[in-house]
Amino acid sequence: PGFGSLGAEVIGEEADETGKRLLINRGAQDGLFRGLAVVAPSNSGSGLTKVLIGLVSSVSPHISSVILITAPESKLVAEVNNSERLQGLAVGEYNLAVRLRYLPLNKEIILGSPVVTAAVSSDVPGGLLLGTVSSVEKPEGELFQSAFVEPPLALNRFDFLEILIPNQPAQ
């Protein structure tokens with residue numbers, strides 16, 4: 001499906017042992033539900049890009065909470081745009097970084113390659129930028145390798161964000 005967007009203001013933060021969440025001034029009354037992509041625009045060398053900041057994690061009528069992609073409970077399918085597309089699971093690590101896990105051991109991962117969301121969910125569009133590969137780990141005796149992803153922006157420095165909402169198919 002195509003996606004529409006809805007602007008939202010960051011009105012606060014909440015934090016606990018699992019990490020920090022942003023509070024936004026949009027909720028169920030605005031059509032929001034859990035799992036929607038929350039993005040910020042970024043000016044990259046190739047023009048304006050949508051950067052995935054996080055996912056809607058809880059919704060009340062007028063306010064929603066957004067977990068950042070660096071939060072441990074943040075998990076989504078992403079791909080390295082290498083010489084070939086390699087899919088893995090992007091998992092937040094310690095509220096500091098994103099690790100792309102379960103990448104095939106026999107494939108080369110090039111440092112600096114962009115990492116984007118994979119088009120596997122109806123709630124999150126493919127092609128949203130998570131960041132670039134900053135390092136690769138190939139642990140001895142493991143079946144997979146993983147890559148650390150450096151987000152292009154500081155994820156907690158926003159006043160306004162955009163929520164991507166799937167368009168409803170015509171009835």
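Which residue in β9 does Ala78 stand opposite? Keep that question in mind while you set up the view, which shows a predicted model in which local features need pLDDT of at least 70 and side-chain atom pairs count only at pLDDT 80 or more, while totals for chains, interfaces and linings use all residues. Residues are numbered from 1 along each chain as its sequence is written, and side-chain values use heavy atoms, with hydrogens and water left out.

**Stop 1: strand β6 and its partners**

Select residues 75–81, which make up strand β6, and then add residues 85–93, which make up strand β7. Strands here are DSSP runs of E with at least two residues, numbered from the N terminus, and two of them pair if DSSP finds at least two bridges between them. Between β6 and β7 there are seven bridges, and the pairing is antiparallel. The two strands form a hairpin, with three residues between them. To see one of the bridges, pick Leu76, whose partner in β7 is Ala90.

Now add residues 114–117, which are strand β9; this strand also pairs with β6 in the antiparallel sense, over three bridges. Here the opening question is answered, for the residue of β9 that stands opposite Ala78 is Thr117. While you have strands on the screen, it helps to recall that in a regular strand the side chains alternate between the two faces of the sheet.

**Stop 2: the largest nonpolar core**

Next, select Leu52, Ile53, Leu100, Val115, Leu130, Leu161 and Ile163, which are the residues with the most contacts inside the largest nonpolar core, a group of 45 residues. The largest share of this core, five residues, is supplied by strand β4, residues 47–59. A nonpolar core is a set of buried Ala, Val, Leu, Ile, Met, Phe, Trp, Tyr and Cys residues joined through side-chain atoms within 4.5 Å. Buried means under 20% relative accessible area and exposed means over 50%, with partly exposed in between, using a 1.4 Å probe and protein chains only. In soluble globular proteins, nonpolar side chains tend to be buried together.

**Stop 3: Val10 in strand β1**

Move to Val10, which is found in strand β1, residues 3–16, and which counts as buried at 16% relative accessibility. Leaving aside neighbours within four places in sequence, Val10 is in contact (heavy atoms within 4.5 Å) with Leu22, Leu23, Ile24, Phe158, Asp159, Phe160 and Leu161. If you then draw a distance from the C-alpha atom of Val10 to that of Val66, which is 56 residues away along the chain, the viewer should give 9.7 Å.

**Stop 4: salt bridges**

Side chains of opposite charge can pair when their charged atoms come close. A salt bridge is counted when a side-chain nitrogen of Lys or Arg lies within 4 Å of a carboxyl oxygen of Asp or Glu, and by this rule the model has nine.

Begin with Arg21 and Glu73, whose closest N and O atoms are 3.9 Å apart. Arg21 lies in strand β2 (residues 19–24) and Glu73 in the loop between β5 (64–68) and β6, so this salt bridge ties together parts that are 52 residues apart in sequence. Arg21 is buried, at 12% relative accessible area, whereas Glu73 is partly exposed, at 35%.

Then select Glu93, Arg99, Arg101 and Glu137 together, which are linked in a network of salt bridges. Glu93 lies in strand β7 and is buried, at 9% relative accessibility, and the closest N and O atoms of its salt bridge with Arg101 are 2.8 Å apart. Arg101 is partly exposed, at 30%. Not counting residues up to four places away in sequence, Glu93 touches Thr70, Arg99, Arg101 and Phe148.

Elsewhere in the network, Glu137 and Arg99 meet in a salt bridge of 2.7 Å, N to O. This pair links distant parts of the chain, since Glu137 is in strand β10 (residues 129–137) and Arg99 in strand β8 (residues 97–104), 38 residues apart. Glu137 is partly exposed, at 33%, whereas Arg99 is buried, at 12%.

**Stop 5: an aromatic pair**

Finally, select Tyr102 and Phe144. Rings of Phe, Tyr and Trp (its six-membered ring) pair if their centres lie within 6.5 Å, and planes under 30 degrees apart count as stacked, over 60 as edge-to-face and the rest as tilted. The count comes to one aromatic pair. The ring centres of Tyr102 and Phe144 are 5.6 Å apart and their planes stand at 90°, so the pair is edge-to-face. Tyr102 lies in strand β8 and Phe144 in strand β11 (residues 144–150), so the pair ties together parts that are 42 residues apart in sequence.

Methods
Helices (H or I, at least four residues) and strands (E, at least two) are DSSP runs, numbered from the N terminus.
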